[in-house]
Amino acid sequence: MTTTTHTPTQSSSNSPCAGCPAHHSSNLLRLGVDMTDWDYVIALAGNPNTGKSTVFNALTGLRQHTGNWPGKTVTRAEGGYEFGGQRYKVVDLPGTYSLLATSVDEEVARDFILFGQPDVTVIVVDATRLERNLNLALQVLEITDRAVLCLNLMDEARRHKLAVDDRRLARDLGIPVVPTAARQRQGLDALLQAVADVATGRFVCKPHRIRSQSPVIRRALDRLVPRIEAAFPGLPNARWVALRLLDGDERIAAALRNGELGELSQNTIATASLTLDPTPAS
């Protein structure tokens, strides 16, 4: 089974009205591991201890999952849900602080977002440690145009008398931002709707990206990106790969030299079609 890629056709700043049948979480059907077919693949990314697994469990109805990424000792989790008449496969990526691939966890998360090309990447952040968590969010937005920020642990933020302007954050990041308290199941209906809007193209993200002001870097990218694209046709986000090469990423450099870069793309897309034999919630 392969994923279906959907290209946004128009932008919408507003979600469908509250009367829409897909608006309410009662429309959520947790599929557990029934992944015989799906319309969209959703990646869950985030720092450790942000409640990412709680979000995963709330959406899919699973409590525990076992299985390793091919060739890795890193545990992965997969599940699914149906919402608004569409079926979504959810891949819970390893919790990481960055995507610079200094560890196996980071490498797995980076490769799936870059090469697996999920239809939406949900970035789960801790509302009480927002500044630290946004480092990963900005790195994800360098790779993909299709993302939703799940501003989790809002109950803890309120308890610590912390105020987060989610609307301003959404404007600054250029993607939907949804406040949630997943343990209390607060905000999940809005999260489901935001994911559906991005997946179907009803909302077109315009993510913030850090642009280098250095003419030297810009000239290097102008020369390097076309060469990467010519060597690996269809490679997603060759610009990001070029930036990592310029930054001295040895893992990417080695994959480029030995041709593994193309294999990574094919293998990670294939991984998106695999299913596991997890333990469903009782």
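Asp222 is exposed in the predicted model, with a relative accessible area of 59%. This residue belongs to helix H7, which spans residues 215-231. Asp222 and Ala242 are separated by 20 residues in sequence, and their C-alpha atoms lie 9.7 Å apart in space. Ala194, by contrast, is buried, with a relative accessible area of 8%. Ala194 is part of helix H6 (residues 188-200). Outside the four places to either side of it in sequence, Ala194 is in contact with Val148, Pro176 and Val178. For one of these partners, Val178, the separation from Ala194 is 16 residues along the sequence and 7.7 Å between C-alpha atoms.

The chain as a whole contains 10 helices and nine strands. It has 282 residues, of which 49% count as buried. Among contacts in the chain with a separation of 6 or more, 74% are between residues 24 or more positions apart.

Helix H1 covers residues 52-60. Its buried residues are Lys52, Val55, Phe56, Ala58, Leu59 and Thr60. Gly61 comes just after H1 and has a positive phi of about 80 degrees.

Positive phi values also occur at residues other than glycine. Most residues other than glycine have a negative phi. Gln117, which is not a glycine, has a positive phi of about 50 degrees. The residue is situated in the loop that runs between helix H2 (104-115) and strand E6 (120-126). With a relative accessible area of 39%, Gln117 is partly exposed, since this value falls between the limits of 20% for buried and 50% for exposed residues. Lys161 likewise is a residue other than glycine with a positive phi, in this case near 60 degrees. Lys161 is located in the loop between helix H4 (154-159) and helix H5 (166-173). The relative accessible area of Lys161 is 76%, and the residue is therefore exposed.

A further loop residue is Pro94, which is found between strand E5 (86-92) and H2. Pro94 has a relative accessible area of 8% and is buried. Its C-alpha atom is 6.2 Å from that of Ala109, a residue 15 positions away along the chain.

Two packed helices are described by the angle between their axes and the distance between the axes. For helix H3 (residues 130-143) and helix H8 (residues 238-246), the packing angle is about 125 degrees and the axes are 8 Å apart. H3 and H8 are therefore oblique to each other, because the angle is neither within the 65 to 115 degree range taken as roughly perpendicular nor over the 145 degrees required for roughly antiparallel. On the H3 side, the contact is made by Gln139, Glu142 and Ile143. On the H8 side, Arg239, Trp240 and Leu243 take part.

Two aromatic pairs are found in a search of the whole structure. The ring centres of Tyr81 and Tyr88 are 4.9 Å apart and the ring planes meet at 10 degrees, so this pair is stacked. The angle satisfies the limit for stacking, which is under 30 degrees. Tyr81 and Tyr88 are both buried. Together with Tyr40, these two residues form one aromatic cluster. A charge is also placed over a ring elsewhere: Lys89 lies over the face of Trp38, at 4.5 Å from the ring centre.

The structure holds zero disulfides. Two cysteines were examined for burial. Cys150 has a relative accessibility of 0% and counts as buried. Cys205, at 9% relative accessibility, also counts as buried, as the value is under the 20% limit.

How values were computed
Residues numbered from 1 in each chain as written. Predicted model: local features only at pLDDT ≥ 70, side-chain atom pairs only at ≥ 80, totals over all residues. Heavy atoms only, no water. Phe/Tyr/Trp six-rings, centres within 6.5 Å; stacked < 30°, edge-to-face > 60°. Buried < 20%, exposed > 50% of the residue type's maximum accessible area, 1.4 Å probe, protein only. Lys NZ or Arg CZ within 6 Å of the ring centre and 35° of its normal. Disulfide = S-S within 2.5 Å. Axes fitted to C-alpha atoms, helices over the stretch in contact; angles between N-to-C directions. Helix = DSSP H or I, 4+ residues; strand = E, 2+ residues; numbered from the N terminus. Parallel < 35°, antiparallel > 145°, perpendicular 65-115°, else oblique. Contact = heavy atoms within 4.5 Å.
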